[in-house]
Amino acid sequence: MHRSFALLRSRTSSLRNRATTLSQLNNSASPINKNGVFEFRALMYSTYTFTRRPPDPNDPATLMKEDGVAVSSQMWIENFREPDKTVTNLSNYLRRFELWVLAYQKVCADETGAYMPRSSITRSALEDLLALRNAVLDSRFKWGARLEFFIRSPKDKTDYESLSKRKIRAILTTTQRAAFQDRIVQEVLFLILEPVYEARFSQKSFAFRPGRNAHTVLRVIRRSFAGYLWYLKGDFSTVLDGMKVGMVISALMRDVRDKKVIDLIKSALITPVVTSRDDGEKKKKIKRKYQKKRVLADDEPKPDPYWLESFFGFAPEEAEIQPSWGHCGILSPLLANICLDELDRWMEDKIKEFYKPSKSDVIWNSPEGEAEQGNTSWPEFVPTSGPDKTRKIDYIRYGGHILIGVRGPRADAAILRKQLIEFCDQKYMLKLDNESLPIEHITKGIMFLDHVLCRRVVYPTLRYTATGGKIISEKGVGTLLSVTASLKQCIKQFRKLDFVKGDRDPDPQPCFRMFHATQAHTNAQMNKFLSTVVEWYRYADNRKKIVNFCSYIIRGSLAKLYAAKYKLRSRAKVYKVGARNLSRPLKEKKGQSPEYHNLLRMGLAESIDGLQYTRMSLVPETDYSPFPLGWRPDHEKALLEYIKLENSQTLEEQRTCLMEQGLVSPQDYISMLVWNYKKNAILLPRISSTLSGEGDVKRDEEGLLLGSDDDMSDTGFCEGDKEESINVAEM
């Protein structure tokens with residue numbers, strides 16, 4: 001009661017003050033005040049000032065000042081501008097609500113299969129997202145929550161309060177997918193940490209990094225590994241399976257000194273992951289009745305098609321293992337690269353240490369060992385090695401697998417292997433031996449990423465200019481590095497997918513998984529699979545041969561499938577009816593409907609695409625496009641170019657270079673035109689008379705824009721200047 005009376009008394013006093021102010025304004029106002037306009041304005045302004053409130057700092061709408069992509073781009077620019085600087089202010093980016101909204105959009109796209117614009121995010125979702133951000137900043141967030149969430153997926157309609165004890169127990173004790181809020185926090189940490197470390201990573205690592213893939217590795221090998229005789233292959237996959245938390249945190253703190261971010265990642269690593277219990281007893285297989293296929297909802301992500309699932313079976317050994325550490329999720333590959341980056345840096349130092357140039361060698365005579373090779377017509381041509389040739393090593397890493405090439409005696413490779421074993425034992429506590437790091441000669445063929453590295457000896461004619469300008473031609477001996485696809489590995493992958501049977505003479509097996517699909521759908525799926533296989537073997541020297549073999553296996557498998565499905569007895573009968581590429585329909589009801597081509601012309605039948613690459617001449621050639629020295633992905637090139645152009649020193653150097661060469665930049669030229677126009681136009685009198693003559697107008701335009709050689713005198717215009725000014729004024 002007392003509060004209500006006090007509130008009423010304050011409102012009454014405010015109204016009295018407002019009425020007194022209005023009366024005073026009425027007494028001292030102009031005649032317009034009598035019409036009531038001024039009173040209304042005064043009342044409106046006074047009311048506005050009374051109801052004005054400061055902005056709420058916890059309102060999601062006020063926190064989204066910029067676009068999340070712009071904030072992330074600024075982080076990339078800052079880290080690439082100063083790649084060696086220790087980062088200490090990541091908590092400021094962790095507070096940026098724009099990054100949380102961007103992470104929410106990305107996780108929703110993975111969850112629902114469709115991108116969600118920022119305008120489509122509901123107010124309640126933004127408030128829940130803000131609560132999650134505040135919980136992370138206040139250290140109230142816990143990884144691996146199963147029942148209590150700050151934010152839930154738009155698809156999650158489960159009422160956890162009404163669940164039975166049995167369902168709750170199942171949720172708490174069985175393996176579950178990472179919670180929606182956990183994936184959002186992982187995405188935010190990934191957005192913050194990726195630009196920090198991408199600016200610091202070595203150029204020798206290529207896995208789990210944007211703009212780099214297995215094709216990049218093959219091109220680097222073809223470009224830089226020509227001429228190496230001895231190779232070291234190492235498997236560090238055990239590092240990808242998991243490392244001690246202390247080693248991961250120490251690797252992180254080399255470049256990041258932010259306690260909030262480090263503690264958040266540490267808690268993700270040490271929090272136990274709940275997995276299903278394995279009682280060790282095999283359950284009896286229960287025969288289920290036929291279930292009708294369920295129709296997927298519009299917002300439900302579709303499963304991988306058959307062709308994509310089959311192509312995933314072609315993944316090489318080096319790309320099969322995907323690291324997953326604790327609750328880190330998508331952060332795990334980045335953390336693995338951070339830990340293995342120390343190995344990359346150590347190997348870069350060893351490359352400089354082992355480099356011993358030789359003056360008698362035609363290549364690699366620069367101090368860095370990166371000079372262009374002697375024969376420009378064959379970039380991969382390298383003279384054979386010997387005691388008087390350049391000694392050099394090179395290194396490349398793809399995930400947990402490394403490849404080291406040594407040009408020199410085998411003793412150099414043995415010394416390097418011994419040092420590498422000691423380094424891994426001290427740094428990663430990884431016990432390696434000589435068997436895990438074998439030394440192989442190039443003549444035996446080196447398997448890497450399902451491609452075989454071998455050499456071909458060639459005898460080209462070398463032409464060079466001797467002293468005195470005399471051109472000398474002599475026969476040389478060199479090697480060409482050959483990168484060929486492994487047919488043995490290809491057969492192994494097909495056998496794993498149940499497409500073939502046997503090793504020496506592989507026999508195609510029917511693809512019964514596509515038994516209930518139509519012929520058009522089956523052919524379309526296999527064409528997509530063949531297209532991806534063609535792209536995978538793009539840089540293989542035997543691309544035509546390997547793709548033709550894959551097409552033979554796929555075509556034979558489909559022919560056996562159609563023979564069983566349409567009861568045609570043999571593959572020969574299928575090829576006779578359906579043609580070599582299986583483009584003709586294999587089943588027609590004669591006498592009951594028009595022929596197939598008439599139905600196809602009327603749009604009443606589904607068109608059947610024939611299988612691709614049924615002949616070797618249809619397979620595209622191997623891609624031998626040159627790989628540039630010091631290659632970088634496109635996004636890194638754009639970043640470095642932007643930083644370079646943003647630097648004022650760069651602009652000053654360009655301006656100085658233009659002046660030294662007597663050139664004028666477009667900006668200076670336009671400035672000169674504008675200045676001459678203003679200078680001449682101001683001095684012209686206003687003349688209303690007109691003169692005729694098209695030639696005079698053109699001449700006056702040139703004089704107005706470019707200016708005259710002689711400056712105008714202070715005393716006044718001469719007669720010629722007056723005529724020119726008249727023409728210019730008329731123009």
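This passage describes the fold, the sheet pairings and some side-chain arrangements of a predicted model.

The protein has 731 residues, of which 41% count as buried. Its secondary structure comes to 27 helices and twelve strands. Contacts across long stretches of sequence are well represented: among contacts with a separation of 6 or more, 74% are between residues 24 or more positions apart.

A good place to start is the open sheet, which is built from four strands in the order β3-β4-β1-β5 with antiparallel pairing. Strands β3 (392-398) and β5 (439-441) are the edges, each pairing on one side only. On average, neighbouring strands of this sheet are turned by 25 degrees against each other, with direction ignored. Helix α11 (residues 214-224) packs on the sheet and touches β3 and β4. The direction of helix α11 makes about 175 degrees with that of β3. Within the sheet, strand β1 (residues 230-235) is joined to strand β4 (residues 401-407) by six bridges in the antiparallel sense. One of the residues involved is G234, whose bridge partner in β4 is I402. As background for anyone following the side chains here, those of a regular strand alternate between the two faces of the sheet.

A second antiparallel pairing involves strand β6 (residues 446-448) and strand β7 (residues 451-458), with three bridges between them. Here F448 has H451 of β7 as its bridge partner. The hairpin of β6 and β7 has two residues between the strands, and L449 takes a positive phi near 55 degrees.

Turning to the aromatic side chains, a search of the whole structure gives 16 aromatic pairs. One of them is formed by Y104 and F180, with 5.9 Å centre to centre and 90 degrees between the planes, an edge-to-face arrangement. This pair links distant parts of the chain, as Y104 belongs to helix α7 (residues 97-112) and F180 to helix α10 (residues 180-198), 76 residues apart. Are the two partners buried or exposed? Y104 counts as buried because its relative accessibility is 4%, under the 20% cut-off. F180 likewise counts as buried, because its relative accessibility is 6%.

Elsewhere, F225, Y228 and Y231 form one aromatic cluster. A charged side chain also meets a ring: R410 lies over the face of W230, at 5.9 Å from the ring centre. W230 lies in the residue range of strand β1, 230-235.

The cysteines deserve a brief look too. How many disulfides does a search of the whole structure find? The search finds zero. Two cysteines can be placed by their accessibility: C424 is buried because its relative accessible area is 0%, and C511 is buried because its relative accessible area is 5%.

A final example concerns A524, which is in helix α19 (residues 519-536). With a relative accessible area of 28%, A524 is partly exposed, because that value falls between the 20% and 50% cut-offs. Along the chain, A524 and Q612 are 88 residues apart, and their C-alpha atoms are separated by 9.8 Å.

Terms used: Residues are numbered from 1 along each chain as its sequence is written. This is a predicted model: local features need pLDDT of at least 70, side-chain atom pairs count only at pLDDT 80 or more; totals for chains, interfaces and linings use all residues. Side-chain values use heavy atoms; hydrogens and water are left out. A disulfide is a pair of cysteine sulfur atoms within 2.5 Å. Buried means under 20% relative accessible area, exposed over 50%, partly exposed in between (1.4 Å probe, protein chains only). Rings of Phe, Tyr and Trp (its six-membered ring) pair if their centres lie within 6.5 Å; planes under 30 degrees apart count as stacked, over 60 as edge-to-face and the rest as tilted. A charge sits over a ring if NZ of Lys or CZ of Arg is within 6 Å of the ring centre and within 35 degrees of the ring normal. Two strands pair if DSSP finds at least two bridges between them. Axes are lines fitted to C-alpha atoms, for helices over the stretch in contact, and angles run from 0 to 180 degrees between N-to-C directions. Contact means heavy atoms within 4.5 Å.
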